[in-house]
Amino acid sequence: MFVVIVGAGKVGLNVARSLTHMGHEFIVIEQRRSRYDLLQAELEERLLFGDGTEMWVLEEAGIVRCDLVVAVTGDDEDNVVIAQLAKLEYSVPKVVARVNNPRNQATFDLLDVDATVCAAAMMISMIQHELPSHQFVPLLSLKRENMELVEIEVSADSPSAHLAVEDIRLPDGVLVTAILRQGTALLARGSEVLLPGDQVLCLLAPGREKDLIRSFLPSRRPEDVQAQASIDTIGE
Amino acid sequence: MYVIIVGCGRVGSSMARQLVSEGHDVVVVDEDPSSFRLLGDGFPGQCIVGAALDWDVLREAGIEGADAFAAATDGDNTNIVCALIAWRRFEVPCAIARVYDPLRARVFARLGLQTVCPTDQARVMMMDAVHACPKSATGE
């Protein structure tokens with residue numbers, strides 16, 4: 001695989017190092033002279049100096065023949081433009097972009113950037129995961145694959161409490177994959193019984209969250225549960 | 001007309017003053033509050049301090065009822081992205097981005113975004129001026 005990485009900050013550099021270990025070909029574009037000078041000895045000809053939102057720089061990097069573009073600069077507007085150019089102008093098969101400010105997530109979604117990574121939003125999810133007051137935590141969203149991973153608590157009044165996984169009635173498009181109980185994760189085998197207070201990890205299609213909440217937290221309004229879980233973004 | 005201008009530099013501020021003098025409603029958005037001094041004393045329009053990529057800032061500027069949106073910050077990518085938001089999300093009938101880089105200006109114009117490329121326009125005008133030069137006796 002050939003990957004073009006735009007931005008040689010901590011994220012871009014570590015992506016490059018991982019790709020080296022995995023044996024993939026890549027090039028990193030960096031526009032800050034001091035950062036470029038610092039990394040030149042390590043990356044050699046796989047480091048290109050320039051503004052990765054300029055098309056001639058992208059072309060010099062080989063965007064025309066690349067399989068994946070990773071836009072990980074510190075500026076969201078630059079990452080959006082790189083993703084747009086890669087998809088629309090160069091028909092790059094896959095683009096991954098970094099969202100620096102979670103408030104800009106809606107813009108990446110609006111412009112159909114299919115895979116985004118937001119460290120701040122992930123950090124908030126992990127904090128919610130650690131806090132017992134959060135009964136519903138979206139953990140991962142794979143937009144292109146139409147799949148989400150969420151964590152939800154089984155309340156005492158849930159019809160699923162005290163039932164084996166194979167006997168619970170789940171909404172369509174939902175799969176229980178694991179049960180978190182007292183700090184350990186159990187695979188959700190058919191015979192495993194759900195207990196009140198368990199957290200279950202569920203795979204589901206986007207839009208199924210409300211059904212899932214009704215099923216495991218029947219006494220709470222799904223809208224309230226989702227609002228509590230949402231990060232301070234400007235999403236719709 | 002209700003017009004939102006993003007970026008209160010030389011272009012944004014003089015557009016704002018001209019539009020106001022023509023009787024239009026104008027809102028100017030800029031991240032730097034000191035930039036509003038370019039509007040002069042007694043500017044009757046609204047000034048909002050904030051980032052133009054932020055949908056809440058755009059809503060505060062009244063984007064939901066705006067007739068036109070002009071992005072003239074010093075960043076090409078900022079202008080492209082906020083004009084795309086105005087056009088695609090808020091359906092502002094006329095969203096214009098200033099883009100210095102002719103290549104990017106062309107790509108996003110092909111997508112349907114209205115772009116103004118000062119570099120291209122300067123090239124055309126400079127070329128016209130050169131072509132209009134009187135030739136010397138030895139010139140071709």
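## A helix across the sheet

In this predicted model, helix H7 (residues 209-216) of chain A lies across E7, strand E8 (147-153), E9 and strand E11 (199-204) of chain A, and H7(A) runs at about 20° to E8(A). The strands that H7(A) crosses belong to an open sheet of 5 strands in chain A, which has the order E7-E8-E11-E9-E10 and antiparallel pairing. Strand E7 (136-142) and strand E10 (184-187) of chain A stand at the edges of this sheet, and because each has a single partner strand, one side of each is left without a neighbour in the sheet. From one strand to the next, the twist averages 25°.

At one of these edges, strand E9 (residues 174-181) of chain A pairs with E10(A) in the antiparallel sense, over 4 bridges. Within this pairing, Ala178(A) has Leu187(A) in E10(A) as its bridge partner. In a regular strand, the side chains alternate between the two faces of the sheet.

## Chain A as a whole

Chain A contains 8 helices and 11 strands, and its C-alpha atoms fill a box of roughly 60 × 35 × 30 Å when this is taken along the principal axes. Of the 236 residues of chain A, 36% count as buried. Among the contacts in chain A between residues at least 6 apart in sequence, 57% join residues that are at least 24 apart.

## Parallel strands and their crossovers

Another group of strands in chain A pairs in the parallel sense, beginning with strand E1 (residues 2-6) of chain A, which is joined to E2(A) by 5 bridges. Within this pair, Phe26(A) in E2(A) is the bridge partner of Val3(A). Between the two strands, the chain crosses from E1(A) through helix H1 (residues 10-22) of chain A to E2(A), making a β-α-β crossover that is right-handed. Strand E2 (residues 25-30) of chain A is mostly covered, since 5 of its 6 residues are buried.

E2(A) also pairs in the parallel sense with strand E3 (residues 47-49) of chain A, here over 3 bridges, and Val28(A) stands opposite Leu47(A) in E3(A). To get from E2(A) to E3(A), the chain passes through helix H2 (residues 33-43) of chain A, and this β-α-β crossover is right-handed.

## Where chain A meets chain B

The contact between the chains takes 18 residues from chain A and 18 residues from chain B. On the side of chain A that touches chain B, helix H4 (76-89) and helix H5 (105-110) of chain A each supply at least two residues, and H4(A) gives the most, with 8 residues. The residues on this side of chain A divide into 9 nonpolar, 3 polar and 6 charged.

The axes of H4(A) and helix H3 (residues 76-89) of chain B come within 9 Å and cross at roughly 75°, and H4(A) and H3(B) are therefore roughly perpendicular to each other. In this crossing, Glu77(A), Asp78(A), Val80(A) and Val81(A) of H4(A) meet Asn77(B), Thr78(B), Ile80(B) and Val81(B) of H3(B). The residues of this contact divide into 4 nonpolar, 2 polar and 2 charged.

## A buried residue of chain B

Ile85(B) is placed in helix H3 of chain B, and because it has 26 C-beta neighbours inside 10 Å, Ile85(B) counts as buried. If residues up to four places away in sequence are left aside, Ile85(B) touches Thr107(A) and Leu110(A) as well as Trp55(B), Leu58(B) and Phe90(B). The C-alpha atoms of Ile85(B) and Val26(B), which are 59 residues apart along the chain, are separated by 19 Å.

## Two loop residues with positive phi

Glu44(A) lies in the loop between H2 and E3 of chain A, and its phi is near 50°, a positive value in a residue other than glycine. Glu44(A) counts as exposed because it has 8 C-beta neighbours inside 10 Å.

His162(A), which is placed in the loop between E8 and E9 of chain A, has a positive phi of about 70° although it is not a glycine. With 13 other C-beta atoms within 10 Å, His162(A) is partly exposed.

Methods. Residues are numbered from 1 along each chain as its sequence is written. Chains are lettered from A and ligands numbered from 1 in the order in which they are written. This is a predicted model: local features need pLDDT of at least 70, side-chain atom pairs count only at pLDDT 80 or more; totals for chains, interfaces and linings use all residues. A residue is buried if 20 or more other C-beta atoms lie within 10 Å of its own, exposed if 12 or fewer, and partly exposed in between; C-beta atoms are placed from the backbone. Two strands pair if DSSP finds at least two bridges between them. A crossover is right-handed if, with the strands pointing away from the viewer, the path from the first strand over the helix to the second runs clockwise. Two residues are in contact if their C-beta atoms, placed from the backbone, lie within 7 Å. Ala, Val, Leu, Ile, Met, Phe, Trp, Tyr, Cys and Pro count as nonpolar, Asp, Glu, Lys and Arg as charged, and the others, Gly among them, as polar. Axes are lines fitted to C-alpha atoms, for helices over the stretch in contact, and angles run from 0 to 180 degrees between N-to-C directions. Angles under 35 degrees count as roughly parallel, over 145 as roughly antiparallel, 65 to 115 as roughly perpendicular and the rest as oblique.
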